[in-house]
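I opened a fresh page for this chain. My plan was to go from the overall fold to single helices, then to a few residues.

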Amino acid sequence: MFDMENCNTGIVLIDAPTGTGKTQYIKQLGATPVNTLTSEQLVDAFLQMCRSESSLDDLVEKFRHIVYFENMESLCGKEETQKLAAQFIRKLSERKPITLTGINFRQKLPFFLSNLGEYRHFLYASKVETSRPADISPSVEK
């Protein structure tokens, strides 16, 4: 199992198909509703930031308690949204390690990845029983 304390980068991507236990896995790492944000919530925060004319640094300060991001594949589509998300997560990871879960990062989020900077990417190829805690180990990593 992955150990965040021994990670040499501030950003970790956990990439796996539906039903592999990504959410359960990050709960084992310490994810709670208080320190976790979905990509949909992140996009809403970007929209509010633009409406209120606040800065990305203001948003980083507002979400300084966030450590986990779920369902990042929902960012697919808009190049600028992916770039802004990457910039935001890079800034947030300057303060602490950040873990992101999603499906097909490389295919769905090319602009996000190319703007993210240094990260570790773990790809899980097989499903596990969701009734037990996730016990998945990386099959491919960047």
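Before looking at what follows each helix, I fixed the term: helices are DSSP runs of H or I with at least four residues, numbered from the N terminus. The model is predicted.

**Entry 1. The chain as a whole**

I counted six helices and six strands in the protein chain. Along the sequence I read the order β-α-β-α-α-β-α-β-α-α-β-β. Buried residues make up 45% of the 142 residues. Then I looked at contacts with a separation of 6 or more. Residues 24 or more positions apart account for 78% of these.

**Entry 2. Helix α1**

I moved to α1, which covers residues 22–29. Which residues of α1 are buried? I found Lys-22, Tyr-25 and Ile-26. They cover an arc of only 90° around the axis, so they sit on the same side of α1. I then checked what covers these buried residues, and the cover includes β1 (11–15), β3 and β4 (98–102). Just after α1 comes Gly-30, with a positive phi of about 125°.

Lys-22 made me stop. Is this lysine buried or exposed? Its relative accessible area is 11%, under the 20% cut-off, so Lys-22 counts as buried. I listed its contacts, leaving aside neighbours within four places in sequence. They are Ile-14, Ala-16, Pro-17, Thr-101, Gly-102 and Ile-103. Thr-101 is 79 residues from Lys-22 in sequence, yet the two C-alpha atoms are 6.6 Å apart.

I also looked at Thr-23, which lies in α1 too. Thr-23 has a relative accessible area of 36% and is partly exposed. I paired Thr-23 with Gly-102, 79 residues away along the chain, and their C-alpha atoms are separated by 9.8 Å.

**Entry 3. Helix α2**

I checked the length of α2 (residues 39–52) first. At 1.5 Å a residue, its 14 residues should span 20 Å, and the end C-alpha atoms are 20 Å apart, which agrees. Next I noted the buried residues of α2: Ser-39, Leu-42, Ala-45, Phe-46 and Met-49. Seen down the axis, they fall within an arc of 110°, so they line one face of the helix. I looked for what covers them. The cover includes β2 (36–38), α3 (56–62), β3 (68–70) and α4 (79–93).

I followed the chain past the end of α2 to Glu-53, where phi is positive, near 55°. Glu-53 is not a glycine. I placed this residue in the loop between α2 and α3. Its relative accessible area is 72%, over the 50% cut-off, so Glu-53 counts as exposed.

**Entry 4. Where α2 meets α4**

How do the axes of α2 and α4 cross? I found that they come within 11 Å and cross at roughly 95°. That makes α2 roughly perpendicular to α4. On the α2 side, I listed Leu-42, Val-43, Phe-46 and Met-49. On the α4 side, they meet Thr-81, Leu-84, Ala-85 and Phe-88. Sorted by class, the contact has seven nonpolar residues, one polar and no charged.

**Entry 5. Helix α4**

I ran the length check on α4 as well. Its 15 residues should span 21 Å at 1.5 Å a residue, and the end C-alpha atoms are 21 Å apart, which agrees. I noted Gln-82, Ala-85, Ala-86, Phe-88, Ile-89, Leu-92 and Ser-93 as buried in α4. They cover an arc of only 165° around the axis, which puts them on the same side of α4.

I singled out Gln-82, found in α4. At 1% relative accessibility, Gln-82 counts as buried. What is Gln-82 in contact with, leaving aside neighbours within four places in sequence? I found Leu-75, Cys-76 and Gly-77, and also Lys-108, Leu-109, Pro-110, Phe-111 and Phe-112.

**Entry 6. Another positive phi**

I went on to Asn-104. It has a positive phi of about 55° although it is not a glycine. I placed Asn-104 in the loop between β4 and α5 (105–108). At 32% relative accessibility, Asn-104 counts as partly exposed. I set that beside Glu-53, which is exposed.

Key
Residues numbered from 1 in each chain as written. Predicted model: local features only at pLDDT ≥ 70, side-chain atom pairs only at ≥ 80, totals over all residues. Heavy atoms only, no water. Helix = DSSP H or I, 4+ residues; strand = E, 2+ residues; numbered from the N terminus. Expected span 1.5 Å × (residues − 1). Buried < 20%, exposed > 50% of the residue type's maximum accessible area, 1.4 Å probe, protein only. Arc of directions from axis to C-beta. Contact = heavy atoms within 4.5 Å. Axes fitted to C-alpha atoms, helices over the stretch in contact; angles between N-to-C directions. Parallel < 35°, antiparallel > 145°, perpendicular 65-115°, else oblique. Nonpolar A, V, L, I, M, F, W, Y, C, P; charged D, E, K, R; others polar.
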